[in-house]
Amino acid sequence: MSKGILLVNLGSPDSPNPKDVKRYLGEFLMDERVIDVPLWARTLLVKGIILNTRPKASAAAYKKIWWKEGSPLIVLSERLQDKLQGKLEYPVALAMRYGSMTIKKGLQELVDKGCTEIKTVPLYPQFAMATTETIDVKVDELVAEHFPGIKISRTPAFYHRKDYINVLSKSIAETLDGLDYEHILFSYHGVPERHIRKSDITNGNCKMDGKCCFKKGSKQHEFCYRHQCEITTVNVAKALGLKNGTYSTTFQSRLGFDPWLKPYTDRTIERMGKNGTKKMAIVTPAFVSDCLETLEEIAMEGEEIFHEMGGKEFTVIPCLNDREDFAQVLANIVEEWATTKIEAV
């Protein structure tokens with residue numbers, strides 16, 4: 001069989017124009033694994049409220065971070081694709097879960113090159129229903145409808161891989177080299193608490209108290225986003241030799257009024273500024289590519305909150321983006337698959 005690789009990231013509007021942003025948000029927020037309520041309620045919320053109020057504000061935010069080359073997330077993903085392609089003999093295509101760079105186009109590109117066995121690589125270190133799972137489901141639908149002759153191999157979450165932790169730790173150390181900071185915040189994209197419960201394959205072992213995240217041997221951990229975020233922080237802190245009390249894990253980008261994973265990033269920044277922290281660093285390990293949530297929500301809004309509360313120095317650590325060593329981590333994942341006889345799903 002001829003092998004091919006499909007990298008998949010979240011996506012982006014085609015431009016920061018409100019019409020393009022509205023189209024993108026509509027597709028994104030109508031995904032039942034992003035807003036997991038009944039269709040009638042999701043339609044009322046998204047099409048009746050959000051798309052009539054949010055696109056203009058979101059477009060303004062996108063304009064703040066938009067590059068001359070286009071969307072930062074798209075540009076950085078394309079650069080990563082090029083670097084990964086340079087390390088592999090197999091063709092590498094790039095797709096987005098939402099937007100015009102569709103997964104269907106990515107699969108078609110590989111099929112046109114003669115690929116009959118495709119490994120999908122979601123660009124998310126941690127598993128979540130609203131990220132990895134929705135990609136897997138969409139790929140399955142497209143294969144069944146348009147590409148019945150190909151086999152798909154999936155990539156499990158790679159948050160705990162030693163090579164990934166080493167690269168993430170190195171990138172943080174490089175940014176903080178020579179800086180005198182008091183606290184480093186590990187900020188992950190938030191999800192509703194119910195998403196964690198829905199992904200609990202043990203049917204109730206998850207107590208949402210934070211304690212079960214650190215119990216060893218739980219089958220739930222394979223699909224528990226909160227556990228995987230917490231362990232990412234623990235492993236990086238260990239690699240960097242961080243002392244207890246000098247780092248913490250928070251969650252950003254909540255939407256709506258339902259309970260989301262806590263503690264919240266914005267409120268933590270506010271609290272720490274009020275309590276006298278003057279020098280803070282922040283890293284966003286749930287993202288591999290800098291995007292709206294890292295460049296605007298964290299680097300701009302987060303810094304503004306910190307300064308308003310009395311903080312002085314706010315250091316934002318870039319995502320892994322198109323680092324050569326991160327491209328090598330992905331190449332390692334691909335080569336392990338290509339040289340091991342694993343039954344495709």
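This briefing covers an annotated residue pair, a second histidine and the sheet of four strands in the structure above. The model is a predicted one. In the UniProt record, an unreviewed entry, the feature "binding site" is placed at His189 and Glu293. These positions are spread over 105 residues of sequence and yet cluster in space, with a largest C-alpha distance of 8.3 Å.

**The annotated positions**

- His189 belongs to strand S5, which covers residues 183-189, while Glu293 is found in helix H11, which covers residues 292-308.
- His189 counts as partly exposed because its relative accessibility is 24%, a value that falls between the limits of 20% for buried and 50% for exposed.
- When residues up to four places away in sequence are not counted, His189 touches Glu293 itself, along with Tyr225, Phe251, Gln252, Ser253, Ala286 and Phe287.
- With the same residues up to four places away left out, Glu293 touches His189, Gln252, Ser253, Phe287 and Ile298.
- Gln252, Ser253 and Phe287 thus appear among the contacts of His189 and also among those of Glu293.

**His227 and its surroundings**

- His227 lies in helix H9, which is made up of residues 225-240.
- His227 counts as buried because its relative accessibility is 7%, and the limit for that class is under 20%.
- Leaving aside neighbours within four places in sequence, His227 is in contact with Tyr159, Cys213 and His221.
- The side chains of His227 and Tyr159 are, in addition, joined by a polar contact of 3.4 Å.
- Phe214 is 13 residues away from His227 in sequence, and the C-alpha atoms of the two residues are 7.1 Å apart in space.

**The sheet and the helix across it**

- Four strands form an open sheet in the order S6-S5-S7-S8, and their pairing is parallel.
- Strands S6 (247-252) and S8 (313-316) stand at the edges with a single partner strand each, so one side of each has no neighbour in the sheet.
- On average, and with direction ignored, neighbouring strands of this sheet are turned by 25 degrees against each other.
- S5, the strand that holds His189, pairs with strand S7 (residues 279-283) in the parallel sense over four bridges.
- Phe186 stands opposite Val283, a residue of S7.
- Helix H10, formed by residues 265-274, lies across S5, S6, S7 and S8, and runs at about 165 degrees to S5.

Note on methods: Residues are numbered from 1 along each chain as its sequence is written. This is a predicted model: local features need pLDDT of at least 70, side-chain atom pairs count only at pLDDT 80 or more; totals for chains, interfaces and linings use all residues. Side-chain values use heavy atoms; hydrogens and water are left out. UniProt positions are given in the numbering used here, feature names are shortened, and annotations may be inferred rather than shown by experiment. Helices (H or I, at least four residues) and strands (E, at least two) are DSSP runs, numbered from the N terminus. Buried means under 20% relative accessible area, exposed over 50%, partly exposed in between (1.4 Å probe, protein chains only). Contact means heavy atoms within 4.5 Å. A polar contact is a pair of N or O atoms within 3.5 Å; within protein, one must be able to donate a hydrogen and the other to accept it, and residues adjacent in sequence count only if both atoms are side-chain atoms. Two strands pair if DSSP finds at least two bridges between them. Axes are lines fitted to C-alpha atoms, for helices over the stretch in contact, and angles run from 0 to 180 degrees between N-to-C directions.
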